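Please open the structure in your viewer and keep the selection tool at hand, since each stop of this tour begins with something to select.

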Amino acid sequence: MIVSPSLLSADFARLGESVAMIDRSEAAWIHCDVMDGVFVPNISFGFPVIESISRLTAKPLDVHLMIVEPQKYVSRVRDCGAAIMNVHLEACTHLHRTVEAIKAAGMKAAVTLNPATPVALLQDIIADLDMVLLMSVNPGFGGQKFIDNTYNKIKRLRELIAATGSHALIEIDGGVSTANAAALASAGADVLVAGNAVFSADDPAGVISQLAGADSHFPHSK
Ligand code: DX5
Ligand code: ZN
């Protein structure tokens with residue numbers, strides 16, 4: 001299982017220590033949540049912070065943009081060190097153009113769906129994507145309760161990926177913990193984002209390690 005710990009739940013005054021902890025852990029990526037107070041009712045951090053994080057780690061930065069008009073910032077996101085750029089389908093009028101721009105800039109292209117957005121809307125873009133991020137909470141805040149309908153969406157997305165020959169990974173974000181990681185792995189998730197579960201733990205690296213091992217006993221059919 002690819003684990004992408006979300007820094008949203010870290011202590012921002014000690015961000016360097018959190019990045020160092022993730023760096024030493026079994027996490028494959030680092031998830032950076034950018035919020036603009038318009039697309040979501042909260043504001044987090046922006047490009048200068050991501051730039052600083054990227055100087056502290058060699059792990060790929062998985063940047064989740066919860067902002068309107070994300071296409072305006074493709075080169076800015078690349079320049080601050082992102083390996084993966086996640087844009088919300090709900091924020092993109094010309095999604096195909098935006099996905100092409102992300103890939104042309106040298107990043108992996110990921111499209112994020114809010115909990116109420118049907119997987120079927122990806123039908124004509126899935127073959128072009130490196131990853132789909134399914135939100136399992138309404139975006140904007142860490143520490144929310146996992147929405148169970150996400151399991152149905154993973155199943156439908158897995159079917160869509162198989163039917164189209166897409167190589168897209170499935171990433172799950174929101175309310176992920178050691179309690180549901182095995183079920184998510186079994187349902188077909190490839191990547192787990194976890195904020196609160198990691199940063200509220202006494203042993204954050206231990207939680208990351210448990211999440212990373214979540215698929216070894218629950219193989220799903222791909
Ligand atoms: C929510 C963010 C998430 C958030 C997840 O809008 O996109 O990445 O940090 O937090 P937890 O794991 O606490 O639900
Ligand atoms: Zn996120």
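Begin by selecting L15, G16, V19 and D23 in helix α1 together with V49, I53 and L56 in helix α2, because these are the residues through which the two helices meet, where contact means heavy atoms within 4.5 Å. By class, this contact has five nonpolar residues, one polar and one charged. The model in front of you is a predicted one, and the geometry that follows is computed from it. Widen the selection to residues 15-24 for α1 and residues 47-56 for α2, and you have two helices that pack at an angle of about 45°, with their axes 10 Å apart. Since angles of 65 to 115 degrees count as roughly perpendicular and those under 35 as roughly parallel, α1 and α2 are therefore oblique to each other. Looking along the line of sight from one helix to the other, you have a crossing of α1 and α2 that is right-handed.

Next, select L7, and then add L122, L157 and I172. Of the 66 residues in the largest nonpolar core, these four touch the most other members. Staying with L7, and leaving aside its neighbours within four places in sequence, you can show its contacts with F12, L15, S18, V19, I22, I30, H31, C32, I53 and F199. Apart from that core lies another one, of five residues, among them W29, I84, A110 and M131. As a general remark, nonpolar side chains in soluble globular proteins tend to be buried together.

Now move to T150, whose place is in helix α5, residues 150-164. Is T150 buried or exposed? With a relative accessible area of 3%, T150 is buried, and, its neighbours within four places in sequence left aside, T150 is in contact with M135, S136 and I172.

For the following stop, select N114, which lies in the loop between strand β5 (108-113) and strand β6 (131-135). N114 counts as buried at 17% relative accessibility, because the cut-off for that class is under 20%. Beyond its neighbours within four places in sequence, N114 is in contact with F39, H88, E90, M135, P139 and K153.

Finish at helix α8, residues 204-212, by selecting P204, G206, V207, I208, L211 and A212, which are buried. What covers these buried residues of α8? The cover includes β1 (2-5), α1, α6 (181-187), β8 (191-194) and α7 (196-199), so that colouring these elements separately is a convenient way to end the tour.

How values were computed: Residues numbered from 1 in each chain as written. Chains lettered and ligands numbered in written order. Predicted model: local features only at pLDDT ≥ 70, side-chain atom pairs only at ≥ 80, totals over all residues. Heavy atoms only, no water. Axes fitted to C-alpha atoms, helices over the stretch in contact; angles between N-to-C directions. Helix = DSSP H or I, 4+ residues; strand = E, 2+ residues; numbered from the N terminus. Parallel < 35°, antiparallel > 145°, perpendicular 65-115°, else oblique. Left-handed = near helix turned anticlockwise from the far one by under 90°. Nonpolar A, V, L, I, M, F, W, Y, C, P; charged D, E, K, R; others polar. Core = buried A, V, L, I, M, F, W, Y, C linked by side-chain atoms within 4.5 Å. Buried < 20%, exposed > 50% of the residue type's maximum accessible area, 1.4 Å probe, protein only.
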